[in-house]
Amino acid sequence: MSGISKELLEQTLRKKLEAEYVEVVDTSGGCGQSYDVIIVSKIFEGKSVLQKHQLVNETCKSEIAQLHAFSQKSYTPAQWEAQKQKQTS
Amino acid sequence: MSSFTRPFSQYCLLLTIPFSRGLAFRQGPRLTLGVSSFTRGFVFRRGFTISSRGFVFRRLPKMVSPNNFSRSLSNALKQTLDESVQKNDVVLFMKGTPDSPQCGFSRAVVQILNTQGVDFKRIKTFNVLEDQELREGIKEYSKWPTVPQVYIKGEFIGGCDIMLNMHQSGELEDLLVKESLINIEDSPIDSQEQKQ
């Protein structure tokens, strides 16, 4: 259990999930084992929350296995737009 | 849920190479070689067959394959988990106990279930910190990399993120009411119906 770097996690998510937007927040306080992640990708279209999470978990299995905590929010581009609107208003 | 039934592909056509010349129906150890459509690989194992002919259909006790990472999930554990998940209304795999959770995410899930008013007598909790085999095995069992994990009425619901999401959106309450896990009189959904 060594943890992985923020950059590596971000890169992996972008590449494997064809993500348009990725936001990785290191919540570990330095040990690199705890991350909050926002992923926006077209491949989430038409999937339930559980399915999205499973997709992310499956594709990043080896990376997540090295972490203690991995909290994800996954949106389709449309959902992400709506989310941003909500936050600004 | 599909994970509770063995896929047909686990029944493999095995070619047995008889090392001892056996009579038909004589039981004896053979080295068997099989081709699995599921894993697209070869399966070697010593097994018992009851035919001296070359081709036998045999059920494999466990798949052996480089693709299959079922190293930490033993058959015995899988069976125990199957039973627990089917028998109990709610099953929660967590770090620590409901009274003293050892992880913020596990604590959050306990709090959500508390807030929803689920009777903890109906929740079977497993403390994965007490059992290393369970701690690794459950990740594979649910195909979910983290703890906590929640099952409701035999179905995998998700981890902390999903529980929180469903709690906030009202989906969780709907589900709990539907499965009659929370008192219907207390629920706003039912009071609406009564008004009508």
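Of the 89 residues in chain A, 24% count as buried. The model is a predicted one.

**Chain A**

Chain A contains 4 helices and 3 strands. Along the sequence these elements follow the pattern α-β-β-α-α-β-α. Among the contacts in chain A with a separation of 6 or more, 59% are between residues 24 or more positions apart.

**The side of chain A that touches chain B**

The two chains meet through 12 residues of chain A and 9 residues of chain B. On the chain A side, two or more residues each come from α2 (49-59), α3 (61-64) and β3 (69-75) of chain A. Of these elements, α2(A) supplies the largest share, with 5 residues. Sorted by class, the side of chain A that touches chain B has 6 nonpolar, 5 polar and 1 charged residues.

**Backbone features in chain B**

Three residues of chain B are treated here, beginning with two that have positive phi values: K143(B), at near 50°, and S180(B), at about 40°. Neither K143(B) nor S180(B) is a glycine. The table sets out their values.

| Residue | Phi | C-beta atoms within 10 Å |
|---|---|---|
| K143(B) | near 50° | 12 other C-beta atoms |
| S180(B) | about 40° | 10 C-beta neighbours |

K143(B) belongs to the loop between α3 and β7 of chain B. A residue is exposed if 12 or fewer other C-beta atoms lie within 10 Å of its own. K143(B) has 12 such atoms and is therefore exposed.

S180(B) is in another part of the chain, the loop between α5 (171-178) and α6 (188-195) of chain B. Its surroundings hold 10 C-beta neighbours inside 10 Å, so S180(B) also counts as exposed.

The third residue, P148(B), is notable for its peptide bond: the bond from V147(B) to P148(B) is cis, and its omega is near 10°. P148(B) is found in the loop between α3 (132-141) and β7 (149-152) of chain B. K143(B) is likewise placed in the loop between α3 and β7 of chain B, so this loop holds both the cis peptide bond's proline and a residue with positive phi.

**Summary**

In chain A, α2(A) gives 5 residues to the side that touches chain B. In chain B, the loop between α3 and β7 contains K143(B) and P148(B), while S180(B) lies in the loop between α5 and α6.

Terms used: Residues numbered from 1 in each chain as written. Chains lettered and ligands numbered in written order. Predicted model: local features only at pLDDT ≥ 70, side-chain atom pairs only at ≥ 80, totals over all residues. Buried ≥ 20, exposed ≤ 12 C-beta atoms within 10 Å, placed from the backbone. Contact = placed C-beta atoms within 7 Å. Nonpolar A, V, L, I, M, F, W, Y, C, P; charged D, E, K, R; others polar.
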